[in-house]
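Please open the structure in your viewer and keep the sequence panel beside it. The tour below goes from one selection to the next and says what is there.

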Amino acid sequence: MPEKSVVGWSALIAGFSARGDAEAAWGLLDRMRSAGVEPNVITWNGLVSGLNRSGRALDAVTALVRMHSEGFSPDATGVSCALSAVGDVKEVSVGEQVHAYVLKAGCRQDACVVTALIDMYGKCGRADEISRVFHESSHMDVASCNALVAGLSRNAQVSEALLLFREFVSRGVELNVVSWTSIVACCVQNGKDLEAVDLFRKMQSEGIEPNAVTIPCVLPAFANVAALMHGRAAHCFSVRKGFLRDVYVGSALVDMYAKCGKVGDARTIFDAMPCKNVVSWNAMIGGYAMHGEAANAVQLFRLMQSLKLKPDLVTFTCVLGACGQAGLTEEGRRYFNEMQQAHGISPSMEHYACMVTLLGRAGKLQEAYDLINEMPFEPDGCIWGSLLGSCRVYGNVHLAEVAAEKLFELEPENAGNYVLLSNIYASKKMWDGVNRVRDEMKNMGLTKEKGCSWIEIKNKVHMLLAGDNSHPMMAAITEKLNQLTVEMSRLGFAPSTDFVLHDVEEQEKDNILAVHSEKLAVALGLISTSPGTTLRVIKNLRICGDCHEAMKFISCFEGREISVRDTNRFHHFKDGKCSCGDYW
DNA sequence: ATAGGGTTAG
């Protein structure tokens, strides 16, 4: 039996709440009163705080509401905890009521309340409110910075986040590892990879050491721009710090190595991980898929099953993707069925997209279309885009028009769809169609996404844009490309005329000289590294057939291994051949 | 006896 003091009861209630035992906590509150002891503000706060921290968010909010309705005035402490809970359950209307109470109770300048409000609005998807609360408060401390950056990041306000983060820095607010990790994560999650790499370095030069959370945050940035050297450095750092025990760090390293073209290194990390979860397995299986190593992907999936590990939705996305890449059509079909029958997972949009790709790549366009029509929900742009892509490969104008019509409706701003349809018409010499689509594109004011490639040379990532001459070494790059072109035609490598039409841009006079970015990157790599060095290039679009042929030639002529990761998969060029076996 | 912030896979 607890002591008869309010302190004793409060401690007990806080204890049970913190363990997530809401029922016991409520029970104690009743018993306390039966024993003639009235709870005070601290008793109630302890309840709200404990329930929030133990993940019983709804109970925490209920506690605050009941506290209020029983005549207590929640203070800044209780309000902060309750707002934190509101964010977890994303009940913005409740959050707004608490916010209104905050204004009434006069604790709007309390540092914790401000941070909690920012956090709550961030988690509820209200970017406008985040900025408003921040600008109306006079506080700038480390926690509000962290909540602010995380909230803006979640709502894709990366520019605003960077702007405010820099303001915190310039005002001399003492930021910590969480702040720097947040801004790095923000950049990574919003497509600012090079910015993230930069901030990661800045963080260290400011004397803030990355921790086991920072590493998995920054690794995707290295992976996205294939900064293998940076990735390796982060790996070494993790070894020294003992972070390799951390399943997040391990999984992110697996992913990074796979995306940097080192699927073997990814496997080494994977095998050495002392503790794996389904994410780790998915990263490894997905890595194999990306490299077109379907046999390894399937083998790992089998191993997973024999270990009685439960695959999830993503696992099947990876396995189906691997089958698609390798043309394992029948296996793919079997897994698609197995997923539903043996694992009770009903296929999601992504799974259907995998199957449409798998069937489409195998030339079974009608089957792909039938599957789309059988789907229990409305197909999205990915589905139709996949079908359209396959129609391009197999020259199926009829289904292409069906898919394109849906796409123009679903994603009217996506220039890629117009380009694809135009290319399909062009490959059939249907010039009326080409002109119609190009006019439509022009009327919509759409331009094709600029091709962009990255290559890491001596620890620095270079970005090259198609048709952009701003790289300082452009003259030497052009000279190298001209030399290669001469050699190519001398040795009888003719560019595929089919693929010359691949790119609407190339039909435009202005852009006739624009060289695709992956060629620029490879040329830069060739002239900047010693003979025999492997070149790793990442590209933001899919590699075109012309470049694919050129890469095969260059790998042979220059005696180099070249890996190109496009949006779809890896192409490893060696001795004039590509690992995709031209199946892509 | 009670308070706010960051992470991995397709």
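A residue is called buried when its relative accessible area is under 20%, exposed when it is over 50%, and partly exposed in between, with a 1.4 Å probe and protein chains only. This is a predicted model, in which local features need pLDDT of at least 70 and side-chain atom pairs count only at pLDDT 80 or more, while totals for chains, interfaces and linings use all residues. Residues are numbered from 1 along each chain as its sequence is written, chains are lettered from A and ligands numbered from 1 in the order in which they are written, and side-chain values use heavy atoms, with hydrogens and water left out.

Select residues 214–224 to begin, which form helix α13; helices are DSSP runs of H or I with at least four residues, strands are runs of E with at least two, and both are numbered from the N terminus. Nine of the eleven residues of α13 are buried, namely Thr214, Ile215, Pro216, Cys217, Val218, Leu219, Ala221, Phe222 and Ala223. Now add what covers them, where contact means heavy atoms within 4.5 Å: the cover includes α11 (177–189), α12 (193–205), α14 (228–241), α15 (247–259) and β4 (562–565). Just after α13, pick alanine 226, which takes a positive phi of about 55°.

Next, show DNA strand B and the residues near it, meaning those with a heavy atom within 4 Å of the strand. There are 46 such residues, and the closest are Asn45, Thr115, Asn146, Asn176 and Asn211. Of the atoms of DNA strand B that come within 4 Å of the protein, sugar and phosphate account for 43%.

Three side chains are worth selecting for their polar contacts, which are pairs of N or O atoms within 3.5 Å:
- asparagine 40, with a polar side-chain atom 3.1 Å from a base nitrogen of DNA strand B;
- serine 49, with a polar side-chain atom 3.3 Å from a sugar or linking oxygen of the strand;
- lysine 259, with a side-chain N or O atom 3.2 Å from a phosphate oxygen of the strand.

Finally, select the spans that an unreviewed UniProt entry records as "repeat: PPR", among them residues 141–175 and 312–347; such annotations, given in the numbering used here with shortened feature names, may be inferred rather than shown by experiment. Residues 141–175 are 74% helix and 0% strand, with end C-alpha atoms 8 Å apart. For residues 312–347 the values are 75% helix and 0% strand, and the end C-alpha atoms lie 11 Å apart.

Definitions and conventions
Polar contact = N/O pair within 3.5 Å; in protein donor to acceptor, adjacent residues only side chain to side chain.
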